[in-house]
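I opened this model to look up two things: the metal site and the enclosed spaces. My notes follow in the order I worked.

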Amino acid sequence: MSAPATTRSGERDGNATAARLLRSAAKKSYDPDVDIDWEAPLVEGKIWVPEHRVSLYGTELWERLTPEQRVELGKHEACSVASVGLWFETLLMQRLLKDFYADDPTSERAQWALTEVADECRHSQMFARLVHRAGVEPYGAVPFVHQLGKLFSVVNWGPAAYASILVAEEVLDRLQREQANDDRIQPLMRQVNRIHIMEEARHVAFARDEVTRGLAGLSRAELAYQRFMCAFTSYFVVRSLINPKVYAAVGIDPAEGRRAALANPHHREMIRFGGEKIMSFLDGAGMIAGPGTALWKKSFLLET
Ligand SMILES: [Fe+2]
Ligand SMILES: [Fe+2]
């Protein structure tokens, strides 16, 4: 493979990483319209998410559910995660387009920003079709957080923006990798997961580079702001994954289900497991400190 057409300054401005990712994207990208058989019937008896990853697993409320209701709750939770995933992808696209707007459009970094927007457009269509195919309401984030999301690309830029994007992408990625090779899972869900895993690896590489470079040389005040905004945004992303309305699908009061899930050690462990890799990266990069630490703990990404 030939060397990237970037100078040494490319290492500092993100163009070297972007050039490598552009070559990778040119070689392998997916089109969910073609690469997923949307007409294939759903397979009877398959689950949508492993039981131990359902938010009520192991609780008293879980014990009261029939096996069918447990599968149904798993389906609604998988669709809640997919619809929250596409909500956050929309916010990421806004950030990427603002970065493109501010950049030299011919640079590799700007070209990569558009490539990632194109990827996320296809992902968001894919997640929406998955939810529709499952016959579930596209829950998304609760209304207050949905409104708050409009501020994401206004108050988040640089390391805070890309670090909170990483939290969303890597938590989702870790859970999807666990399911991609699990043959108890609905084949449609597994194919969606496989496609997402392949393309997200490039997004993760870009965002990690943005965080590392963005944190270099910040003033103390700017660093404190970036750290707090990242914790604040990540808290809302993680808390949004399971919309409380999912519990009503199996006859559980949403507020009661929410309380039980947040107190459930299995659910807390799922979040910790999902965030394990990204938290160790963010900690090493110096992002986890200051008043935001309380929010990292409250989100269960950081152990108390
Ligand atoms: Fe995506
Ligand atoms: Fe992504």
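**Entry 1: burial of two residues.** I am working from a predicted model. I began with Glu120. Its relative accessible area is 1%. Buried means under 20%, so I put Glu120 down as buried. Next I checked His123. His123 has 0% relative accessibility, so it is buried by that cut-off too.

I then looked up where the two sit. Both Glu120 and His123 belong to helix α6, which covers residues 108-134. They are 3 residues apart, about one turn of the helix.

**Entry 2: the iron site.** Which protein residues are donors of the iron ion (ligand 1)? I found Glu89 (OE), Glu120 (OE), His123 (ND1), His196 (NE2) and Glu200 (OE). These donors lie 2.0 to 2.3 Å from the ion. I noted that His123 uses ND1, whereas His196 uses NE2.

I wrote the spacing of these donors along the chain as E-x30-E-x2-H-x72-H-x3-E.

Which residue bridges the iron ion (ligand 1) and the iron ion (ligand 2)? I found that Glu120 does. The two ions are 3.5 Å apart. So the bridging residue is the buried Glu120 of my opening entry.

**Entry 3: the largest cavity.** I turned to enclosed space. How many cavities of 30 Å³ or more are there? The count is 4. The largest has a volume of about 220 Å³. It is lined by 18 residues, and those closest to its centre are Val49, Ala78, Val81, Gln179 and Met189.

I checked which helices contribute. At least two lining residues come from each of α5 (67-102), α6, α9 (158-180) and α10 (187-215). Helix α6 is also the one that holds Glu120 and His123. By class, I recorded 13 nonpolar, 3 polar and 2 charged residues in this lining.

**Entry 4: the second largest cavity.** I put its space at about 180 Å³. Its lining has 17 residues. Nearest its centre are Gly85, Phe88, Ala168, Glu169 and Leu172. Two or more lining residues come from each of α5, α9, α10 and α11 (220-240).

Which helix gives the largest share of this lining? I found α5, with 6 residues. By class, I recorded 11 nonpolar, 2 polar and 4 charged residues.

**Entry 5: cross-check.** I set the two cavity lists side by side. Helices α5, α9 and α10 appear in both. I closed the notebook there.

Definitions and conventions: Residues are numbered from 1 along each chain as its sequence is written. Chains are lettered from A and ligands numbered from 1 in the order in which they are written. This is a predicted model: local features need pLDDT of at least 70, side-chain atom pairs count only at pLDDT 80 or more; totals for chains, interfaces and linings use all residues. Side-chain values use heavy atoms; hydrogens and water are left out. Donors are N, O and S atoms within 2.8 Å of the metal (3.2 Å for Na, K and Ca); water is not among the atoms, so sites may look incomplete. Helices (H or I, at least four residues) and strands (E, at least two) are DSSP runs, numbered from the N terminus. Buried means under 20% relative accessible area, exposed over 50%, partly exposed in between (1.4 Å probe, protein chains only). On a 1 Å grid over the protein atoms alone, a cavity is a set of points where a 1.4 Å probe fits but cannot get out, and a pocket is an open set with protein on both sides within 12 Å along at least five of seven lines; lining residues have an atom within 4 Å of a point. Grid points are joined across faces, edges and corners, and a volume is the space filled by probe spheres set on the points. Ala, Val, Leu, Ile, Met, Phe, Trp, Tyr, Cys and Pro count as nonpolar, Asp, Glu, Lys and Arg as charged, and the others, Gly among them, as polar.
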